[in-house]
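The following paragraphs offer a guided reading of the structure shown below. Attention goes to the sheet, the contacts between chains, and one chain as a whole.

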Amino acid sequence: MSDPLSQDRPICVAVLAIGGQGGGVVSNWLVALAESRGWVVQATSVPGVAQRTGATVYYLEMIEAGGQAPVLALMPTPGDVDLVVAAEWMEAGRAIQRGLVSPDRTTLIASTHRSLAVAEKSRPGDGINDPQAVEVAAALAAKRFLKADLAQVAAANGSVISASLFGAIAGSGALPFPRAAYEDAIRSGGVGVEASLRAFDAAFNCLTEDGQEEVAANPKPLPLLEGGSTDERTRYQALTERAERTFPEALQETLRAGLNRVIDFQDSAYGEEYLDRLDEILDLDKRLDGAQRDYNLTAAVAKYLATAMSYQDVIRVADLKSRGSRFSRVRDDISAADEQIVTITEFMHPRVEELAGLFPAFFGRNFEDKKLVRLLLSLFTGSKRVRSDSLRGFLSLYVLSALRRWRRKLLRHEIEMEHTRRWLANVTRSAGDDYDLAVEIARCRRLIKGYSDTHERSISKFDKVMQGIELVRGRSDAADWARRLHEAALQDTEGTALAGALDTIRSFTGPESEVA
Amino acid sequence: MAERSFVQEVQALRLGAGETFRGEGILAVTKALLEAGVGYVGGYQGAPISHLMDVLSDAKEILDELGVHFEASASEAAAAAMLSTSMHYPIRGAATWKSTVGTNVASDALANLSSGGVTGGALIIVGEDYGEGSSIMQERSHAFAMKSQIWLLDPRPNAESIVKAVRDGFELSEASNTPVMLELRIRACHVHGSFQTRDNVRPEFTLEQARNHPRRETDRIVLPPASFAHEQEKVAHRWPAAVEFIKSRKLNEFFEGDIEDVGIVLQGGHYNGVIAALRQLGLADVYGKTRIPLYVLNVTYPLIDDEVVVFCSDKRAVLMVEEGQPDHLEQAVSTILRRAAVITPLHGKDVLPKAGEYTNKALVEGIGAFLEGLKDTALSPATVSLGSDLPEEVTQALNEAVPPRPAGFCTGCPERPIFSALTLAQQDVGERHIACDIGCHLFSILPPFNIGASTMGYGLGAASASGLNVAQGKRSISIMGDGGFWHNGLVSGVGNAVFNKSDDVILIVDNYYAAATGGQDILSSRAGNLNRSTRHPIEDAVKGVGVNWVRRIDHTYDVGAMRDVIEEALTTPERGPKVVIASSECMLNRQRRERPIRRKARNDGKRVVEQKFGVDEDVCTGDHACIRISGCPSLTLKETEDPLRDDPVAFVDNSCVACGHCGEVADAAVLCPSFYRADAVHNPSFWDRSFARLRGTVTTKLQVRRDARRLQEPAGEAPS
């Protein structure tokens, strides 16, 4: 061989971002930075349609200028990347998937915040993917793994994530340039310089190599209810004391939350009803040696009974929407300054069914057949834009919320309580034979959610799961199947996964077990 | 108004001799055109060459000074046809587009152009949208070059080489009376680099001279017998002239290496990738010094037989690096070697991927396999680690966790409500065959909408549904964007439907721009444009070709109205094509236009209303139905601190632009009452304040009264 090959190598940098996050800005700053220090830098990207919210990669190679012109690559080579910057947590995972992160070379900087993908957001249950998978993989794949919530850092400084990413790159020391050169690069860009520099500064020191702890279990003490007459407060006091006295320690948090919720929904008498029902469940639980099982049954019922009893009717929505605390929350959400005026427009669409729920139970029953009533009601249904801060809008909500006094005599209440009664009966009936199954049945109440059609669909899903459970009742793995049905029902809206799970069950229980 | 302003870049076009240009590859090409004395440029925008078009659009002043005409062509076919100017007149002309899709559209004109041949240099700059990030079918432009006999340049991907290729291209074109195609891959178009500039050159022969002294040479026109003569001329004169030029000017490059009995033949565009791969294998360095000899084809068509033979003779083995399929080059090199009786084994797609992008990883593996096949210990490449080896279960967990993130509608996009409406309409009147087109609206085929069965080409949405044009069964729906409509759709879609008495529905998405390609103006754009004629309503055009049933929605965000008009189109007894025009401005461009104005007004103390949508956390039950018919990036989820809840609730983040879609959908689909819109009035007027005070007094009093009578949960934390 004549002259030996040079051992110089460029610094290779990949920036993974989501279209619209400003990955291009980071790339441009890096170019300006390297060039200002007399380096040769080459940057490229494949923006194209990925600019529209898709995942995208910017790639740079930089090398100190010398006598010879370097030949730099236009895309990263696995195993050859020195610095990977992920502008979102899962994008760090994508960098690892693409092989860009290697243990002998790569510094990986990741923002810990999540920007959820459509696939995660659209599942009916909790479809958010496991961020821990990235943590585990990154710890193994990277030489150094640095992270911080850079979106939060940017927002706190009135800037965007490109600025905090750039600060994090500077802070990591992965590139051989002084801090001032980074700041000059931001200044040379000329747009939003002050805010960018603030975010840069905050991000400079915020990276950590520590594993992300699950947020330490340090629950805030549950707040007490506020307001109310002296009588109500006394009764509330008595109820909380009763709850503390009669229920096991482990259930206190759920129980307090449940008690608060149902009283907030109605009144202290309703809270008493809640505890009465739970007393029965706890007795049953104790008889079944529930202590051995951390009182799972009572815990599940305490949680879902509270939700069932605080169903979302017109009165409830009007109440929540007209509260003073809600008005302040909206102001906070848009960071309204004191001198600004904020108006709120609600998007509502009551149907005949919702309004019929406001009728006294005896009258509302069979209203399906009462054509005239339906016709009359239809005058008040349909698309509504309500300005809840205006006198007219506020008064309508206020008056509706005042119907609370009569709520227990109304049709909707009767329907909800009947459904709750049947569900509870099923739980108690099952507990004696199969404790775990009873717990699963209690938990299935989670399926019921939404309003209008969505609500009806969720009830029909719940019913299907209940029917499915009847097929496996008596089997030793009945509880497992119940849990699987429950999970399947949360997979998609169409009920495909649930139908699949039901088919599987029928395949071993036989056709004679067909239920309507 | 294009998506970006290119004022700065335009200034770079003025650089003179000996100065340094720094910027994107595609902008270097723009500067090189002016240095080469180009007389006219035309093209159709699309990644990755949009910036070339955008910069020239903003550079009217400079172009006028130089006497250069720039045409924002209606389509690639129009741009290609423009090059006929160089047929009779000694004027250099250039056309540009996204390939291969644009080349498909242009190929009729290109075939006619290359049959007759050119007098002035004709350069076609194709941005190759191939591989990662591509939005089109994966094909090669190479076949077009071969079929029409257009020379194909594929320069090394650095600014100097690309700029040189522009100069060489014009000269080659003139020396061989043949149009030349300059192929630039997407990364080369976007690569940031630098080159030494020269002075811009005014064309010697001007367009004005051509107009005043018209010429015609009938033997250049494609009509028998000239057309038969053209074919002979191509092989007898133009080809040899091109070969002579390429050889004498050394357009292809040889790089020597000390391992002389092995070699790599490569497309110029892959030079940097091959060097990076060889560097990883320990056979090259970062300054391009290589141990293995390289023959770099900066011209991939025609091949120079002598050069191929000289390079390959006396070698043990040669590797052909040629991206994409079919393997036109490998076949051609084989034929050349066979004819010259050179027995050197030729490798290529036996060790490299047969199809797909030649990433650095593919090159490292392919070249590694080629060298290992030589079974020569002196040559064995360094062992290369291609990333980390994670335990199986870690990789599997990662694969489950990392969600696919395809491109989608932007926050506030006016097209989203159209597809929410279409979803609701189908729930009411049944599923339909839906034919799509090219443009942002094609994101409808992805979740959460999952709408659309086909995309057949730009402006071909309506035409692609015409096979189902029968009287029986349910009406079909076809969709076109305004870009596609003016590109081709008016005639091949709408005119075709009228003429063939179609009874189906054509939905035209009018967002005021060619939005997907960067927000360029088109005929129906609403903005005034000094250099172009805009504001020609789609509605008039559609009625002009004979459609009687036309409905226009001027606010697509009104999902209910949108749904109703679609349902009407699907159910009306009226015969003939039904055209629905859904018009609202592209939000990306609108924000770019309005945001600075609003900010200024606010700072000037004027009354400004800023809006944002929100979800009441305690009203939302967390079933996410709203997300399933919206998919807005700003409508996302949030975990709550409520111990009684299992599922995260919907949440509108700060990127919300208050388009109103989420609220409209919640209403139109009767979902839930969780959504609200908050209007913050900045710099409120006296009346604003007085009314607000009055409202505040009453509501607060009532709230206090109610609070005193009932227990309630204290205020939760504000959504962050």
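How many bridges join strand S8 of chain A to S9(A)? Four bridges do so, S8 comprising residues 341-348, and the two strands run antiparallel. Helices (H or I, at least four residues) and strands (E, at least two) are DSSP runs, numbered from the N terminus. In this pairing A:Met348 stands opposite A:Lys384 of S9(A).

This is a predicted model, in which local features need pLDDT of at least 70 and side-chain atom pairs count only at pLDDT 80 or more, whereas totals for chains, interfaces and linings use all residues. Residues are numbered from 1 along each chain as its sequence is written, and chains are lettered from A and ligands numbered from 1 in the order in which they are written.

S8(A) also pairs with strand S24 (residues 675-682) of chain B, in the antiparallel sense and over six bridges; two strands pair if DSSP finds at least two bridges between them. Here A:Ile341 has B:Val681 as its bridge partner. The result is an open, antiparallel sheet of four strands in the order S9(A)-S8(A)-S24(B)-S21(B). Its edge strands, each pairing on one side only, are S9 (384-387) of chain A and S21 (608-615) of chain B.

Beyond the sheet, 129 residues of chain A are in contact with 113 residues of chain B, contact requiring C-beta atoms, placed from the backbone, within 7 Å.

Chain B contains 25 helices and 25 strands. Its C-alpha trace spans about 100 × 70 × 60 Å along its principal axes. Among contacts in chain B between residues at least 6 apart in sequence, 78% join residues at least 24 apart.

Note on methods. Two residues are in contact if their C-beta atoms, placed from the backbone, lie within 7 Å.
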